[in-house]
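Work through the exercises below with the coordinates open. Try each task before you read its solution.

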Amino acid sequence: MKIEQAHINQIRQQFAELQSKEDLVKLLSEAKNLLYGEKCKPVQLKSLTYYANPELCKKRYQTFTIKKKSGADRTINSPVKGLKSILRSLNFVLQCVYEPHEAATGFVLEKSIVDNAKKHVGHHYVLNMDLKDFFHTFDRNRVKMGFIYEPFNLSGDKEPLAFLLASLCTHPFEIDGKEKTVLPQGSPTSPTLTNILCKKLDRRLTGLANRFGATYTRYADDITFSSQHNIYTDEVFNNELKRIIEEDQKLIINPKKTRLQKAGYRQEATGLIVNDKVNVHRRYVKQIRMWLYYWEKYGYEKAEQIFKRDYLVDKGNVKNLNAKLENVLDGKLEFLKMVKGIEDVTYKGLKERFDLLNGIKVKKENEKIDLENVVNTILNKGLIEGINLYDRYKKS
């Protein structure tokens, strides 16, 4: 179902009228219907209370690691199926009720890394910073306080609902030898909740940027400042930046991922080039061209063999190692269109080559199926029937 403003207003109204767990279950069921259609099962009160209590449901999350581009391990905590369904519905509710600060571009409806990068195009200096152990910085009490204050206003008699939601969205993990109940990295609600809890951070860092004539954005734990003048050696700026992030907001700057990029060298924001315009890396386009060339020269089957060999080396950190060449190329071209625009000459040329190759592939697959039907007809119904079917196939 297409989500309309009327649906969002309805969710906001229902949230404002929450009084009990039963009201919350009704709201989550309504959100689930909007997301997945009326045929989906409604949220049950017993499921909500069960998953909200880690003492009752000890195996709420499945933990696994994936490789980062750097080669280090990233730990992901994925909620089990029943909890994930509830959290997805809750996340939709949170996004309807809450409007993030304009500097927040990550996990925000109708915003992407392109919107984040656009803010920093053409500036002489671009500063990238990363917040360490970002999701695990937000414990259950901090999440609960987020629900107590505006715009959720679950205070007073409604405070038990704030605690219930905070318990649903956090989980106890062993971190540095201690058990802490924090936001899981891998939960549907964690990115949205960090945007909610970072609104004061975004407001203060925007104020700092304005004081020094700079631009500030945040994409989850990725912070970017850009400016025409080098303010990043200014002791006042650096001291205030550190005070806001670490002392005021109790977050941790990762010095290993802090870098200043000057004009004349490659400048990036959220993985995109921002020197003169928002663009992808040259390697990204080069890889698309290479795989299309293999497809054109060797045919699809041989090209996919080469692709899988390269993909395993390049993307050994992803789970889907059975990815197909046509699907990966389609996804890469969609991303290229998002970054460069549908009228971009490079995108249009590559897309035309892909569409031509994919059309030939589909036609060959259909011909193979049709000819198999002819053979089966000859075997099962006789030569005359088979010839008649072949004639109809050739005319179609």
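**Exercise 1. List the contacts of F147, leaving aside its neighbours within four places in sequence.**

Solution. This is a predicted model. Step one: drop the neighbours within four places in sequence. Step two: collect the residues in contact with F147, which are L94, F152, N153, L154, A162, L165, A166 and L193.

**Exercise 2. Which residues touch the most other members of the largest nonpolar core?**

Solution. The largest nonpolar core has 69 residues. F147, L168, L205, F225 and I245 touch the most other members. Next, ask which element gives the largest share: helix α4 (residues 81–97), with 9 residues. Finally, look outside this core. Another core, of 32 residues, lies apart from it and includes V278, L325, L329 and V339. As background, nonpolar side chains in soluble globular proteins tend to be buried together.

**Exercise 3. Classify the aromatic pair of F107 and Y219 and place both residues in the chain.**

Solution. The structure holds 18 aromatic pairs. For F107 and Y219, the centres are 5.9 Å apart and the angle between the planes is 40°. A pair counts as tilted when the angle is neither under 30 degrees nor over 60. The pair of F107 and Y219 is therefore tilted. Now the placement. Y219 belongs to strand β6 (residues 215–219). The two residues are 112 residues apart, so the pair links distant parts of the chain.**Exercise 4. Are F107, F134 and F138 buried, partly exposed or exposed?**

Solution. Buried means under 20% relative accessible area, and exposed means over 50%. F107 has 42% relative accessibility, so F107 counts as partly exposed. F134 has a relative accessible area of 3%, so F134 is buried. F138 is at 0%, and therefore buried as well. F134 and F138 also form an aromatic pair, with 5.4 Å centre to centre and 85° between the planes. That pair is edge-to-face.

**Exercise 5. Which residues do ring pairs link into a cluster, and which ring does K302 lie over?**

Solution. First, the cluster: F212, Y216, F225, Y232 and F237 are linked by ring pairs. F225 is also among the residues that touch the most other members of the largest nonpolar core. Then the charge: K302 lies over the face of Y298, at 4.8 Å from the ring centre.

**Exercise 6. Describe the second largest pocket: how much space lies in it, and which residues are closest to its centre?**

Solution. Start with the space: about 470 Å³. Then take the lining, which has 15 residues. Closest to the centre are Y149, I196, L197, K200 and Q249. Last, assign the lining to helices. At least two residues come from each of α6 (140–148), α8 (190–197) and α9 (199–211).

Terms used:
Residues are numbered from 1 along each chain as its sequence is written. This is a predicted model: local features need pLDDT of at least 70, side-chain atom pairs count only at pLDDT 80 or more; totals for chains, interfaces and linings use all residues. Side-chain values use heavy atoms; hydrogens and water are left out. A nonpolar core is a set of buried Ala, Val, Leu, Ile, Met, Phe, Trp, Tyr and Cys residues joined through side-chain atoms within 4.5 Å. Buried means under 20% relative accessible area, exposed over 50%, partly exposed in between (1.4 Å probe, protein chains only). Helices (H or I, at least four residues) and strands (E, at least two) are DSSP runs, numbered from the N terminus. Contact means heavy atoms within 4.5 Å. Rings of Phe, Tyr and Trp (its six-membered ring) pair if their centres lie within 6.5 Å; planes under 30 degrees apart count as stacked, over 60 as edge-to-face and the rest as tilted. A charge sits over a ring if NZ of Lys or CZ of Arg is within 6 Å of the ring centre and within 35 degrees of the ring normal. On a 1 Å grid over the protein atoms alone, a cavity is a set of points where a 1.4 Å probe fits but cannot get out, and a pocket is an open set with protein on both sides within 12 Å along at least five of seven lines; lining residues have an atom within 4 Å of a point. Grid points are joined across faces, edges and corners, and a volume is the space filled by probe spheres set on the points.
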